[in-house]
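Reader: Could you take me through this structure at a slow pace, and explain the terms as they come up?

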Protein chains: 2
Amino acid sequence: MARIPASERRAALVQAALRVVSQRGIAHATTRAIVAEAGMSLASFHYAFDSRDELIDELIATVVAREQQAVLPDGLEGHDLRDLLEAGVLRYFDHLRADPEHEQAMLELTQYALRSPERHPLAVAQYDKYTELGARSLAAAAELAGARWTTPVEQVARVLIAFTDGLTLTWLVTRDDDVARAVAHAAADALSRMAEPR
Amino acid sequence: MARIPASERRAALVQAALRVVSQRGIAHATTRAIVAEAGMSLASFHYAFDSRDELIDELIATVVAREQQAVLPDGLEGHDLRDLLEAGVLRYFDHLRADPEHEQAMLELTQYALRSPERHPLAVAQYDKYTELGARSLAAAAELAGARWTTPVEQVARVLIAFTDGLTLTWLVTRDDDVARAVAHAAADALSRMAEPR
DNA sequence: ATGCGACTGGGACGATCGTCCCACTTCAGT
DNA sequence: ACTGAAGTGGGACGATCGTCCCAGTCGCAT
């Protein structure tokens, strides 16, 4: 094995861990499975990390920090706010369909964090990040459509996150594209009513 | 230990397993943890079940079959369909707040089932059951409000399930009642637009 | 070139997992 | 009362887990 400084090795291990969690679930993300995915030995793992928990914590933090695919990016066609929002949610849906395992991994990491009190803040931080990204997109969408949110945009973003979460979970189980599109339509409908023309 | 026929013991073990999963998560639902919760010995476990997987499968099936708290039960005040739907979702929210661990356990079981191909149908069956219950409630609500669903009621129910799932997940992480109520409001708003006066 | 700290490999530890085995006890049918 | 089946208890198995140890090797500063 090539000699790699511990800092880079940490990053490589986090990436490998994400792949393992995506493909086989967090329950199978053992230290051995992770180092095998990374092509390292067990010693390298515990040279870079004190414990498996430390890696999982860093995995969650990393994956949250890197989350940036906005749900409602600009450059979308759409005449009014409702159409714009629906297009945005559908864009997220495309992302979900393209890499279902990644979103499934996110859900599992959230639930994992939810199970221990000292890790709960990680899940909250994950959702705060989602909210921040959602709020930014919602603000941009309102700007584009010439509308103004009548509810605080952070609150609207929380609702948006709940809707996309529900869409994700339902689609991961049923794989029913039509239902997902109906959810996107209904969600955009509801969200658009939290704004008024400016 | 009192002598109990295997059939009753299976039921007792399933109940114990549900308690363990609710309180500590499915990862900690080991055979030993389950029999300890049930106050039995390990031998009793493998006398009643061939394997842990068999118990988990029966746990999911049992819990799905027993699911019956309708999201939109009758006896609700509410003038128009929108109010009726919102009251129904809020009633579900009350149920969630009263026993968060149970809904968290449901989510974990779903994700667990999602991770192996042979168990995937269990998750689908779980959602079919949800859909059936949701559809029944939606039909009743429309009846009460003198409305008619313009979209097939099963489709509406799928959207409803997605919304409640999102509400559940978001609230379990943030514990923000205001956001949950906003989600309920928005969801009812969107759903009510899938019907017309009769 | 050389010494020292950074890094690696492989094997081992104790804990815990699911499962199994076997001697034992209890109960129902005769 | 007797017997066979049903149910129980405790200990043990091999596998796998997270973690650790230590001898060895590499690369960089001197």
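**Two helices that cross**

Author: The axes of α9(A) and α9(B) cross at roughly 115° and come within 8 Å of each other; axes here are lines fitted to C-alpha atoms, for helices over the stretch in contact, and angles run from 0 to 180 degrees between N-to-C directions. The helices themselves (H or I, at least four residues), like the strands (E, at least two), are DSSP runs numbered from the N terminus. This is a predicted model, in which local features need pLDDT of at least 70 and side-chain atom pairs count only at pLDDT 80 or more, while totals for chains, interfaces and linings use all residues. Residues are numbered from 1 along each chain as its sequence is written, and chains are lettered from A and ligands numbered from 1 in the order in which they are written.

Reader: Which hand does the crossing of α9(A) and α9(B) have?

Author: The crossing of α9(A) and α9(B) is right-handed. A crossing is called right-handed if the near helix is turned clockwise from the far one by less than a right angle, and left-handed if anticlockwise.

Reader: And which residues in α9(A) and α9(B) meet there?

Author: From α9(A) come Ala186(A), Ala187(A), Asp189(A), Ala190(A) and Leu191(A), and they meet Ala186(B), Ala187(B), Asp189(B), Ala190(B) and Leu191(B) in α9(B). The residues of this contact of α9(A) with α9(B) divide into eight nonpolar, no polar and two charged. For contact, the C-beta atoms of two residues, placed from the backbone, must lie within 7 Å, and in the sorting Ala, Val, Leu, Ile, Met, Phe, Trp, Tyr, Cys and Pro count as nonpolar, Asp, Glu, Lys and Arg as charged, and the others, Gly among them, as polar.

Reader: Zooming out, how many residues of chain A are in contact with chain B?

Author: There are 35 residues of chain A in contact with 35 residues of chain B. On the side of chain A that touches chain B, α6, α7, α8 and α9 each supply at least two residues, and α8(A) gives the most, with 14 residues. That side of chain A divides into 21 nonpolar, eight polar and six charged residues.

Reader: Why do you say the copies meet through the same surface?

Author: Because 100% of the interface residues of chain A are also interface residues in chain B.

Reader: What turn lays chain A on chain B?

Author: A turn of 180° with a shift of 0.0 Å along the axis lays chain A on chain B, with an RMSD of 0.0 Å, and that is the relation of a two-fold axis. The copies are superposed by least squares on the C-alpha atoms of residues with pLDDT of at least 70 in both. Of the residues of chain A, Gly166(A) comes closest to the rotation axis, at 1.9 Å (C-alpha).

Reader: Now just chain A, please: how many helices and strands are there?

Author: Chain A has nine helices and two strands, and along the sequence they follow the pattern α-α-α-α-α-α-α-β-α-α-β. Of its 198 residues, 43% are buried, where buried calls for 20 or more other C-beta atoms within 10 Å of a residue's own, exposed for 12 or fewer, and partly exposed for a number in between, with C-beta atoms placed from the backbone.

Reader: What are the buried residues of α1(A)?

Author: They are Leu13(A), Val14(A), Ala16(A), Ala17(A), Leu18(A), Val20(A) and Val21(A). What covers the buried residues of α1(A) includes α2, α3, α4 and α6 of chain A. After α1(A) comes Gly25(A), whose phi is positive, near 95°.

Reader: Which residue that is not a glycine has a positive phi?

Author: One of them is Arg175(A), with a positive phi of about 55°, and its place is in the loop between α8 and α9 of chain A. Arg175(A) counts as partly exposed because it has 13 C-beta neighbours inside 10 Å.

Reader: Last one: is Tyr112(A) buried or exposed?

Author: Tyr112(A), which is found in helix α6 of chain A, is buried, with 22 other C-beta atoms within 10 Å. Tyr112(A) and Ala123(A) are 11 residues apart in sequence and, C-alpha to C-alpha, 8.7 Å apart in space.
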